Amino acid sequence: MLRARRVGERIATWMNRVAGWVYIAASVFITFDVLARQFLGFSSKSTVEMTGYMLAVGISWGLAYALVERIHVRIDVLINRLPLELRQYLHGISLLLLTVFAGFLAWASIMLVRESIEFHATDLSPLSVPLAAPQGLWALGLCVFFGLCLVTLVEVGLLLVKGDAAAVDRMLGQRTFEEETEETLEAVASVRGSRE
Amino acid sequence: MIAVLFLVALLVVALVFAAVGGPQLPIAAIVALCLLFAAFFCAGIYIAAALGILGLLVGFTFSDRPFWLFLGGAVWGPSSNFVFVAVPLFLLMGEILLRAGLSERLYRALNAWLGPLPGGLLHTNVVSCGIFSAISGSSVATAATMGSVALPYFANTRYDPKVVLGSLAAGGALGNLIPPGITFIVYGLLTETSVGKLYVAAVGPSILVMVLFLGVIVWHGMRTGAVDRGPPTSLGAKLKALVDLVPTAVLILVVLGSIYSGLATPTEAAALGVVGSAVFAALDGKLGFALLNKSAEATARSTAFIGLIIFGAYILNFVLTTLQVPQAMAQLVSKLPLPAWGVMALIIFFYLALGTFMEGFSMVITTIPVVFPIVKGLGYDPIWFGVIVTMVIEIAMISPPDGTVLYVLHGMRPKPGPISDIFVGVIPFMLVYMAAVYIVLLVPDIALWLPRNFGR
């Protein structure tokens, strides 16, 4: 495993964790706002905008980790029936296209941030948040995702040259139902274990 | 798989057929696009990348405007949309509940009430899956969780394993139909339909499907005599069981109650649900950093994969809309020598076929931007169509031989057996589910009466 990719995976794991906690924060924020509106008669009046930004950051910061965990969706009924020699190249092509797409997203997001800075764009909430701030964090997530795609692509390329098809399959093959089931059961069991 | 190819071919033929006498349209381009799409999917390309890159290719080929300058904004829109915030929040709520050990108590409590009916534990399977999925949102997670709780109850009983597994799978397929399902949020986001109204509309069909499922079990119970019937429970035990239902009932009341009463939007209700489930986990002494952290990580991961597909879909959608393709498609289909219900039947079969190998969210996000203008052009109600699409996707989730839920359950069987057991067991449930779709097609008011009279 390339050292660069190991570092990338560690960054991705941390960013995903932050993304998850951002969602928890968003739930608390919205709940507070709803309760305050109902019972105390006031509201921050910027929940819609703020939690929207939280979502944007949450999605983009989770993208790289989803790649590490092989959870980005592919239709794999056909390729799973192909022989490994052929499948490894399809894995490679898929990743190449994903990298191109991620690269485009990263570029488009940076352009958007530059535009927002140029026009001093702010939102319409009472806080008038400069849009460049949440968009910048969003763009950062997309750039990290692109970076990890690139590093993974390099490693897959090296493995393909070396002829290690099994390693490519392990790295890019989509998660199976078995893995999914196992994880869910683990989550249920972890709790049951702690009670006893 | 053969059926899939046949249906896709049928659709292409229908398009070409219509084009012969139809208006001037880039039919060759559309067909080429479909073929490219199919090739991408067959090659196992990431769905999001396939959508996004197709969008770029189409744009560079057909558009004479600098469309790429607007794509950053086109992607930022949905990713900061307040409606979409409900998706991670409902996922988070499900993840917390999964770890809060609610499932086992739910099953035990329901069993005290439903066990003595003809069909016994099987009713408990369907109802507990239905209730759990109402708060969890993912069919696979529901089947896995409830399966792990339910299957031990059936060890050393004379229940037919086929029906046991079939009823669990069927219960899992209620997940996204019973509010608050996540499919409705994604549908609402893509079509700019009110998610609250969709939730109201789903009530009638949910009850219909549930009743039909229980009917199947009663019929099975009658046929096998008194074998599949639990011992009668005393009233005291029943009342005691109610205590175990309290957390679930309160959560459902908070989430659905706040939406239906108009006190909160679906996103706000989801946030209340997250906090509520955390409170119940805390009351049980289970809330800790580990639980929250694991739930948060799982939520972020799932939201990221849904988000990336949405990015791809919005890019493709933006390009297609600037080229007026959806409008052209809608116009084209309305000129087909087919009645509206014929087109609707084609669409439903198309979804059923697609669903055998495609995951639910991906399917909605990929197809709705194109299919929705057609359906609207034919004069169908957007809310009603949202309910139909969700039902059809749920059927696809449990249709052999590719339904994901079936394999999850198969992997959990305590006593090994052939996968065909599950296939045979789930078929009666699938058939009545299809019957339910047919009934809602014939009587749209099952879905639409409530939102018309009580929707805001």
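Contact here means heavy atoms within 4.5 Å. Keep that in mind, please. This is a predicted model.

Let's start with the two chains. How many residues does each chain bring to the contact? Chain B gives 75 residues. Chain A gives 68 residues. Together the chains bury about 6300 Å² between them. Of that area, 77% lies on carbon and sulfur atoms.

Which three residues of chain B supply more of its buried area than any other three? They are Tyr46(B), Trp76(B) and Arg301(B). Those three account for 15% of the area that chain B buries against chain A.

Now the charges. Between chain B and chain A we count 3 salt bridges. One of them joins Glu297(B) to Arg17(A). The closest N and O atoms of that pair sit 2.5 Å apart.

Next, a helix pair inside chain B. Helix α5(B) covers residues 82–99, and helix α10(B) covers residues 182–191. Their axes come within 9 Å. They cross at roughly 165°. Angles over 145 degrees count as roughly antiparallel, so that is what α5(B) and α10(B) are to each other. The crossing is left-handed.

Which residues meet there? From α5(B), we have Val83(B), Phe84(B), Ala86(B), Val87(B), Phe90(B) and Leu91(B). From α10(B), the partners are Ile182(B), Ile185(B), Val186(B) and Leu189(B). Sort the residues of this contact by type, and you get 10 nonpolar, no polar and no charged.

To recap: about 6300 Å² is buried between chain B and chain A, and within chain B, α5(B) and α10(B) run roughly antiparallel.

Notes
Residues numbered from 1 in each chain as written. Chains lettered and ligands numbered in written order. Predicted model: local features only at pLDDT ≥ 70, side-chain atom pairs only at ≥ 80, totals over all residues. Heavy atoms only, no water. Axes fitted to C-alpha atoms, helices over the stretch in contact; angles between N-to-C directions. Helix = DSSP H or I, 4+ residues; strand = E, 2+ residues; numbered from the N terminus. Parallel < 35°, antiparallel > 145°, perpendicular 65-115°, else oblique. Left-handed = near helix turned anticlockwise from the far one by under 90°. Nonpolar A, V, L, I, M, F, W, Y, C, P; charged D, E, K, R; others polar. Buried area = accessible area lost by both parts, 1.4 Å probe. Salt bridge = Lys/Arg side-chain N within 4 Å of Asp/Glu carboxyl O.
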